[in-house]
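Here are a few exercises to work through with the structure open beside you. Try each task before reading its solution.

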Amino acid sequence: EFPGLRRSALDFYMTDSGDIAVSASGDIAMVDSVWRDYAQQAYLRLMTSVMDFTLYPILGADLEQLIGMPQTESTGEFGKQLILTALNKEGRFNGLPINVKAIPVSLQGIRFDIYITAGSRTEMLLSIEQNLNIEGA
């Protein structure tokens with residue numbers, strides 16, 4: 001279907017709040033597409049910190065390191081590096097081009113748009129926002 005995407009890697013379907021979904025038959029729901037699986041796997045890595053999961057201690061982006069940093073281009077670059085490291089460290093996204101853009105959205109926040117490409121014309125966009133909690137801003 002999409003070069004570089006492994007259909008055998010499909011996983012439990014997670015709701016937007018992070019809960020495991022239940023199917024109409026009462027069973028644990030499985031993801032319905034390769035893209036949903038990749039989106040869930042990416043968000044799992046981006047929205048958590050290293051050591052959050054005992055079974056997978058290396059997962060996580062540690063974006064909380066940005067808290068207290070100034071709203072500058074170098075803060076955005078540091079966040080981009082944290083994201084790229086989180087997505088590439090254990091191999092789930094190896095071989096897929098990933099591009100991250102840091103976009104200031106306020107004095108207190110940065111949005112990171114993450115583009116993951118598979119094949120020549122297929123791109124997935126994920127967005128997360130990080131509050132910097134800058135004192136006095």
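The exercises below deal with a predicted model.

**Exercise 1.** Find which residues have the most contacts inside the largest nonpolar core, and which elements give two or more residues to this core.

*Solution.* Start with the core itself: it has 24 residues, and those with the most contacts inside it are Ile 83, Leu 87, Phe 93, Phe 112, Ile 114 and Ile 116. Next, turn to the elements: two or more residues come from each of α1, α2, β1 (98-104), β2 (109-118) and β3 (122-131). Finally, zoom in on Ile 83: leaving out residues up to four places away in sequence, Ile 83 touches Leu 46, Leu 63, Val 100, Phe 112, Ile 114 and Ile 128.

**Exercise 2.** Decide whether Met 51 is buried or exposed, then do the same for Asp 62.

*Solution.* Begin with the backbone. Most residues other than glycine have a negative phi. Met 51, not a glycine, has a positive phi of about 80 degrees, and Asp 62, also not a glycine, has a positive phi of about 55 degrees. Now place them: Met 51 is in the loop between α1 and α2, and Asp 62 is found in the loop between α1 and α2. Last, apply the cut-offs, buried under 20% and exposed over 50%. Met 51 has a relative accessible area of 59%, so Met 51 is exposed; Asp 62 has 18%, so Asp 62 is buried.

**Exercise 3.** Work out which residues form a nonpolar patch on the surface, and where Leu 55 lies.

*Solution.* The patch consists of Phe 53, Leu 55 and Tyr 56, with about 370 Å² of accessible area together. Leu 55 lies in the loop between α1 (34-46) and α2 (73-88). Its relative accessibility is 74%, so Leu 55 counts as exposed.

Methods
Residues are numbered from 1 along each chain as its sequence is written. This is a predicted model: local features need pLDDT of at least 70, side-chain atom pairs count only at pLDDT 80 or more; totals for chains, interfaces and linings use all residues. Side-chain values use heavy atoms; hydrogens and water are left out. Patches are made of residues with over 30% relative accessible area and no salt bridge: like charges are joined within 9 Å, nonpolar side chains (Val, Leu, Ile, Met, Phe, Trp, Tyr) within 5 Å. Accessible areas come from the Shrake-Rupley method with a 1.4 Å probe; for residues, only the protein chains shown count as cover. A salt bridge is a side-chain nitrogen of Lys or Arg within 4 Å of a carboxyl oxygen of Asp or Glu. Helices (H or I, at least four residues) and strands (E, at least two) are DSSP runs, numbered from the N terminus. Buried means under 20% relative accessible area, exposed over 50%, partly exposed in between (1.4 Å probe, protein chains only). A nonpolar core is a set of buried Ala, Val, Leu, Ile, Met, Phe, Trp, Tyr and Cys residues joined through side-chain atoms within 4.5 Å. Contact means heavy atoms within 4.5 Å.
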